[in-house]
Amino acid sequence: MMNVLKLKPNHTAIKAYYKELQQLSLLDAHKEGAVSPAFANLLRACGKQFHWTLYEQYPLKQGEKHIYPDGALVDAFNLPYGYWEAKDSHDDLEKEIKKKFEKGYPRNNILFQAPEWAILWQDGAKKMESDLSQSEQLVEILKAFFEYQPPAYEEWRQAVDAFKDEVPKIGQGILQQIEKERWQNPKFGQAFERFVTLCQESLNSNISIRAVEEMLVQHLLTERLFRKIFNNPDFVNLNLIASEIEKVIHALVFPHGGRHQFFKPLDRFYNAIETTAALISDFSQKQAFLNTVYEKFFQGFSVKVADTHGIVYTPQAVVKFMVNSIEEILQTEFDRSLSDEGVHILDPFVGTGNFMIHVM
């Protein structure tokens, strides 16, 4: 479904933008830092229609260099839909655009904007220019900017919508298959019992059979993502627990034609994740995207189990708050930092390393 920005020249957001610029002009405030917040407010107002957030100073990594567009409009999966770069009235917009592209700025749906003029680039070419003093032209370029969508994103959104409805059924179906195979498949039954014993000895002597089954389902549904998105085909061999789980999984899926055949109904969803993740070059953003997929994915599978067994990642905002809070306390109370020698960091439930990555 195509995004349609509902915006007209007489709408409140447009009027507020011009009023703010007028007030700044009366104060003789024309520098980029003074005038750009007015346009940022306008972008936020438009972004709300699609539940997008304006992420200012959006970090992008190009090779070994880091660049920071003034803003990016991102969705709940941390996927950027458009970039914004602000300039002031005294800048030569065309020259500034050339400089930014030489630094590696994206050429897909990026809006270069000064108070009087804006230039929109899409798909590697200049799409349009607009005189922003004319409200009709301002609306026109904003609509073109917000309504653009990479083809892969549309495929991704459709797959996610379909998958949300299927997750509980798929998860429960796999659990039922595990229960059935435990009694009908001797090889799987033996492998499962060995793994339960390993979990009891290594993790928790009171761990329930149900929790172990949920662990198997989680691994079944996510191993392909680790292997393909992070280009880590040896993950299951290098991670001890994953290696042991694989033995159980093999015994489960082998009688059904292997893992590929077992998960054939989910190919569309996995392909959409992998195609979308391939559009993200920055590793940390790729991880954030996958974290969000995990949160929504596992909550859709089993909210109650996610709550009790920690299957869902701690939300990124909470992780950042916790890490920054510890850093703040260390500095104010002990005059130390997380990066200081002698400060030891223990994460006894490291999982996928989400906290440790934020600490680093």
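**Figure 1. Helix α12 gives the largest share, four residues, to the lining of the second largest pocket.** Before we look around, please keep in mind that this is a predicted model. The pocket shown here has a volume of about 560 Å³. Of the 20 residues that line this second largest pocket, Y55, N78, S284, A288 and K320 are the closest to its centre. Besides α12 (283-301), the elements that give two or more residues to the lining are β1 (53-56), α14 (316-334) and α15 (354-359). If you sort the lining residues by chemistry, you will find nine nonpolar, eight polar and three charged.

**Figure 2. The whole protein, for orientation, has 15 helices and eight strands.** The protein is 360 residues long, and buried residues make up 46% of them. Take the contacts between residues at least 6 apart in sequence: 57% of these join residues at least 24 apart.

**Figure 3. The largest nonpolar core has 79 residues.** If you want places to start looking, F39, L142, F146, W156 and F289 have the most contacts inside this core. Helix α7 (residues 209-229) provides the largest share of the core, ten residues. Another core, of 15 residues, lies apart from the largest one, and Y83, Y105, I119 and W121 are among its members.

**Figure 4. A close-up of F289 and the residues it touches.** Leaving out residues up to four places away in sequence, F289 touches F77, N78, L79 and W156, and also I273, T276, A277 and I280. One of these partners, W156, is listed with F289 among the residues that have the most contacts inside the largest nonpolar core. Another partner, N78, is one of the residues closest to the centre of the second largest pocket.

**Figure 5. Helix α11 (residues 267-278) has the span expected for its number of residues.** Its twelve residues should span 16 Å at 1.5 Å a residue, and the end C-alpha atoms are indeed 16 Å apart, so the two values agree. Buried in α11 are D267, F269, Y270, A272, I273, E274, T276 and A277. Of these, I273, T276 and A277 also touch F289, the residue in the previous view.

**Figure 6. Helix α4 (residues 135-147) reaches 18 Å from its first C-alpha to its last.** That is close to the 18 Å expected for its 13 residues at 1.5 Å a residue. The buried residues of α4 are S135, L138, V139, I141, L142, A144, F145, F146 and E147. Both L142 and F146 are among the residues with the most contacts inside the largest nonpolar core.

**Figure 7. M128 sits in strand β8 (residues 125-131).** M128 has a relative accessible area of 15%, and because buried means under 20%, M128 counts as buried. Setting aside residues up to four places away in sequence, M128 touches A118, I119 and L120, together with E140, I141 and A144. M128 and I141 are 13 residues apart along the chain, and their C-alpha atoms are separated by 7.4 Å. I141 and A144 are themselves buried residues of α4.

**Figure 8. E85 is a buried residue of strand β5 (residues 80-86).** Its relative accessibility is 3%, which is why E85 counts as buried. Apart from neighbours within four places in sequence, E85 is in contact with Y68, P69, D70, K100, Y105, L111, F112 and Q113. Y105 in that list also belongs to the core of 15 residues.

**Figure 9. I245 belongs to helix α9 (residues 240-253).** I245 is buried, with a relative accessible area of 4%. Once neighbours within four places in sequence are left aside, its contacts are F195, M215, L216 and H219. You can also find F192 in this view: I245 and F192 are 53 residues apart in sequence, yet 8.9 Å apart in space, C-alpha to C-alpha.

**Figure 10. H51 and D335 are loop residues with a positive phi.** H51 is found in the loop between α2 (32-47) and β1. Its phi is near 60 degrees, a positive value in a residue other than glycine. D335, in the loop between α14 and α15, has a positive phi of about 55 degrees, although it is not a glycine either. H51 is exposed, with a relative accessible area of 67%, and D335 is exposed with a relative accessible area of 67%.

Note on methods
Residues are numbered from 1 along each chain as its sequence is written. This is a predicted model: local features need pLDDT of at least 70, side-chain atom pairs count only at pLDDT 80 or more; totals for chains, interfaces and linings use all residues. Side-chain values use heavy atoms; hydrogens and water are left out. On a 1 Å grid over the protein atoms alone, a cavity is a set of points where a 1.4 Å probe fits but cannot get out, and a pocket is an open set with protein on both sides within 12 Å along at least five of seven lines; lining residues have an atom within 4 Å of a point. Grid points are joined across faces, edges and corners, and a volume is the space filled by probe spheres set on the points. Ala, Val, Leu, Ile, Met, Phe, Trp, Tyr, Cys and Pro count as nonpolar, Asp, Glu, Lys and Arg as charged, and the others, Gly among them, as polar. A nonpolar core is a set of buried Ala, Val, Leu, Ile, Met, Phe, Trp, Tyr and Cys residues joined through side-chain atoms within 4.5 Å. Buried means under 20% relative accessible area, exposed over 50%, partly exposed in between (1.4 Å probe, protein chains only). Contact means heavy atoms within 4.5 Å. The expected span of a helix is 1.5 Å times one less than its number of residues.
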